[in-house]
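Thanks for coming. I have one structure to go through today, and I will put it on the screen now.

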Amino acid sequence: MRMSPPLVATLATLGLLLAAAPAWAQYKVVGPDGRVTYTDRPVVAEPGSQVLPVRRDAIAPAREQALSIELRALTGRFPVTLYTSNDCPPCEQARKLLLQRGVPYTERTVTSEEDITALQRVSGGRIVPSMTVGSQALRGLMESDWMGTLDLAGYPKESRLPRGWAPAPATPLVTRAPDTEAASARAPEPPAEPVPAPAGTGGIRF
């Protein structure tokens, strides 16, 4: 079937807008849970979140730039965040599941009470592994639910990640504030002031 030139132009423009949405965004919003979204509208930062202006011609980080246009568009609209903890075999299974399917994701670790509180606020529970796909939260590793949600978001069923791609190192869910008390406890004590020897002892102290 032959499409008319106006229809071809419309479809081409729509495809470019869809694929390049994150790259055209003017603002990068980092939520309290570390989730990143992009928007072309001014945003008022919520408590614990950060809004960063992004130039339209800004170059994406090398890890994001290596992704295909399709995956970059998906991660902009429906970013995937994995929540894990230490010594958690199901968490390792979740990592393998996402990498085998070829889903770019960001990993946040849950190790402190602050992390647990933030996880409950984000996912509605205290279970790891958990995953968010856009605003959709899934608690606990249930492969059918995870795959179904990724299907709805439009992620490819087979990996299209570039060879050698790996997610960024995991970071704590809640940014740690410097522990001033611990730092002061570890700080070396200043050397003691020398005490002058009594006069007439030749510099010897008893």
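The link between Cys88 and Cys91 is right-handed, with 75° about the S-S bond. The sulfur atoms of Cys88 and Cys91 sit 2.2 Å apart, and the pair forms a disulfide. The structure holds one disulfide, so if you are looking at cysteines, this is the link to look at. Please keep in mind that this is a predicted model.

Are these two cysteines buried or exposed? Cys88 has a relative accessibility of 14% and counts as buried, because the cut-off for buried is under 20%. Cys91 comes out at 0% relative accessibility and also counts as buried.

Now the chain as a whole. The protein chain has 206 residues, and 29% of them count as buried. Its secondary structure comes to eight helices and eight strands. If we take contacts between residues at least 6 apart in sequence, 62% of them join residues at least 24 apart.

Next, the charged pairs. How many salt bridges does a search of the whole structure find? The search finds five. I will go through some of them.

One of them joins Arg160 and Glu70, whose side chains meet at 2.6 Å, N to O. Arg160 lies in the loop between helix H7, residues 143–153, and strand E8, residues 171–172, while Glu70 is in helix H4, residues 69–77, so the pair ties together parts that are 90 residues apart in sequence. As for accessibility, Arg160 is partly exposed at 49%. Glu70 is partly exposed too, with a relative accessible area of 33%.

Another salt bridge is between Glu92 and Arg95, with the closest N and O atoms 2.8 Å apart. Here both residues lie in helix H5, residues 89–101, and they are three residues apart, about one turn of the helix. Glu92 has a relative accessible area of 36%, which makes it partly exposed. What else belongs to the network that links Glu92 and Arg95? The other member is Glu107, and the three residues are linked by salt bridges.

Then there is Asp151 with Lys157, where the closest N and O atoms are 3.0 Å apart. Asp151 is partly exposed, at 31% relative accessible area. Lys157 is exposed, at 62%, because the cut-off for exposed is over 50%.

Back to helix H5 for a moment, because Gln100 is placed there too. Gln100 counts as exposed, with 61% relative accessibility. Which distance separates the C-alpha atoms of Gln100 and Arg160? They are 9.8 Å apart, with the two positions 60 residues apart along the chain. That is the same Arg160 that forms the salt bridge with Glu70.

Last item, the second largest pocket. About 310 Å³ of space lies in this pocket. Its lining is made up of 16 residues, and those nearest the centre are Gly31, Pro32, Asp33, Glu46 and Ser49. What is the lining made of, by residue class? Seven of the lining residues are nonpolar, five are polar and four are charged.

To recap the two kinds of link: the model, which is predicted, has one disulfide and five salt bridges. That is my part done, and I will leave the structure on the screen.

Notes
Residues numbered from 1 in each chain as written. Predicted model: local features only at pLDDT ≥ 70, side-chain atom pairs only at ≥ 80, totals over all residues. Heavy atoms only, no water. 1 Å grid on protein atoms, 1.4 Å probe; cavity = no way out; pocket = protein on both sides within 12 Å on 5 of 7 lines; lining within 4 Å. Points joined across faces, edges and corners; volume = space filled by probe spheres on them. Nonpolar A, V, L, I, M, F, W, Y, C, P; charged D, E, K, R; others polar. Salt bridge = Lys/Arg side-chain N within 4 Å of Asp/Glu carboxyl O. Helix = DSSP H or I, 4+ residues; strand = E, 2+ residues; numbered from the N terminus. Buried < 20%, exposed > 50% of the residue type's maximum accessible area, 1.4 Å probe, protein only. Disulfide = S-S within 2.5 Å. Contact = heavy atoms within 4.5 Å.
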